[in-house]
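Visitor: I would like to take a close look at a single spot in this model and then see what lies elsewhere in the chain. Could you walk me through it?

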Amino acid sequence: MRAQAAYTLAAPPAQRKLNQNESPFDFPPELKQEVLERVAARPWQRYPEFAPPELLARLAAHYGWVADGILVGNGSNELIQSTLAVVLGAGDRVVAAAPTFSLYRLLTAVLGGRYVPVPLGSGFTFDVDGLIDAARLESARVIVLNSPNNPTGSALPEDAVERILSHTDALVICDEAYQDFGGPSAIPLLARWSRLVVLRTFSKALGLAGLRFGLALAHPAVAREIAKGKLPYNVNLMTLAAARTALDHAPLLAARTREIVEIRDRFLARLRKVPGLTVFPTAANFVLIRTVSLSAKDLCRRLLDDYGILIRDVSDSAQLSECVRISIGTAEDMDAVIDALHEIVLGPGQHQAADLRR
Ligand SMILES: Cc1ncc(COP(=O)(O)O)c(C=O)c1O
């Protein structure tokens, strides 16, 4: 464990916070009020229910799966941990596309498993055959697929999950933290495959990162086993109430997701016109870019120091050399990023931001 780095993040204050793939929109005030009223009506000296049947039924209807195949968690992070905890024994292999969300590598190490990264292909597309080959060669216990993938934004091709399930014996975890923003979902496969666990979160599109709510969807028999790796009372009253409220107002929150997708697509078109950057395709609420004319470190520092824009430097591996990740914020945030990038690349006064914004 001493060789592992803890999952943490330096978060300097910034006017425009585009480093954690959060929603730029706060939960609407009237919905917050609804949550508070719901919570105020509950006895606070009592433990919350383990898994409120009404909430499970609502989640089942929303995601199109059965209620007894759903587990709720204190963020989807917790369900990553519980799932790995009940499957991994000492030395068991976890195959994952690389780079991906770093928690998988860390938790595999904590649980005594062995992490087998399979590099993404050119342009950071998934190497589906490479994942299958590695899983077979290593007799993988678990395969991790994060689609759209953090930090690259790449989405799996439509038939990939089924192909991976049918050519391997592993439990396949599909982490769909960003699926609300694009790419296919593996949820329809749950009816046919019991070796599949799909993870979803309310932290991104639904704008509830601060309250911590996520869910796992799996065959009921698998869900029953994963439940043994969870702590009791893992989701508190406030979070349960917020999840209910979010589901009650799903159409309103979905409209915000569509707005973020529109902002993203407009931003991408303008970003591709900035000289000296490679922009990778994304289906998520963030975009990965590689800088050519200056280092990722310098770009992040200049954006923060001179423009108050905080993005994520992800350039700490050879695969992601000189890469940064920018979360999609409001339209004004993204205008500010485009203007700042032009000034940084071309020098102050040289940019034609007004033209390039169009
Ligand atoms: C791929 C992926 N999975 C899960 C999470 C965590 O989600 P939650 O807030 O539900 O724990 C993140 C957060 O950044 C993520 O990028």
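Visitor: What is the relative accessibility of Lys273, and does Lys273 count as buried, exposed or partly exposed?

Guide: Happy to help. Lys273 has 45% relative accessibility and therefore counts as partly exposed; buried is under 20% relative accessible area, exposed is over 50%, and partly exposed lies in between, using a 1.4 Å probe and protein chains only. This is a predicted model, in which local features need pLDDT of at least 70 and side-chain atom pairs count only at pLDDT 80 or more, while totals for chains, interfaces and linings use all residues. Residues are numbered from 1 along each chain as its sequence is written, and side-chain values use heavy atoms, without hydrogens and water.

Lys273 sits in the loop between helix 9 (250–271) and strand 9 (277–279). Helices (H or I, at least four residues) and strands (E, at least two) are DSSP runs, numbered from the N terminus. His342 is 69 residues from Lys273 in sequence, yet their C-alpha atoms are 9.5 Å apart in space.

For a contrast, look at Thr83 in helix 3 (residues 76–87). Thr83 is buried, at a relative accessible area of 0%. Leaving out residues up to four places away in sequence, Thr83 touches Leu171, Ile173, Val197 and Ile226, where contact means heavy atoms within 4.5 Å.

Helix 2 (residues 53–63) shows two sides. Leu55, Leu56, Leu59, Ala60 and Tyr63 are its buried residues. They lie on the same side of helix 2 because they cover an arc of only 140° around the axis, taken from the directions from the helix axis to the C-beta atoms. Pro53 and Ala61, on the other side of helix 2, are exposed. Its buried residues pack against strand 2, strand 7, strand 8 and helix 8 (237–248). After helix 2 comes Gly64, with a positive phi near 75°.

Now the sheet: seven strands form an open one with mixed pairing, in the order 2-8-7-6-5-3-4. Strand 2 (70–73) and strand 4 (114–119) are its edges, each pairing on one side only. Two strands pair if DSSP finds at least two bridges between them. Within this sheet, strand 7 (residues 196–201) and strand 8 (residues 214–218) are antiparallel over five bridges, and Val198 has Leu217 as its bridge partner in strand 8.

Strand 13 (residues 323–327) is mostly covered, with five of its five residues buried. Cys323, Arg325 and Ser327 point one way, while Val324 and Ile326 point the other way. In general, side chains of a regular strand alternate between the two faces of the sheet. Strand 13 pairs with strand 10 (residues 286–291) in the antiparallel sense over five bridges, with Arg325 as the partner of Leu288. Strand 12 (residues 312–313) also runs antiparallel to strand 13, joined by two bridges; there, Asp313 is matched with Val324.
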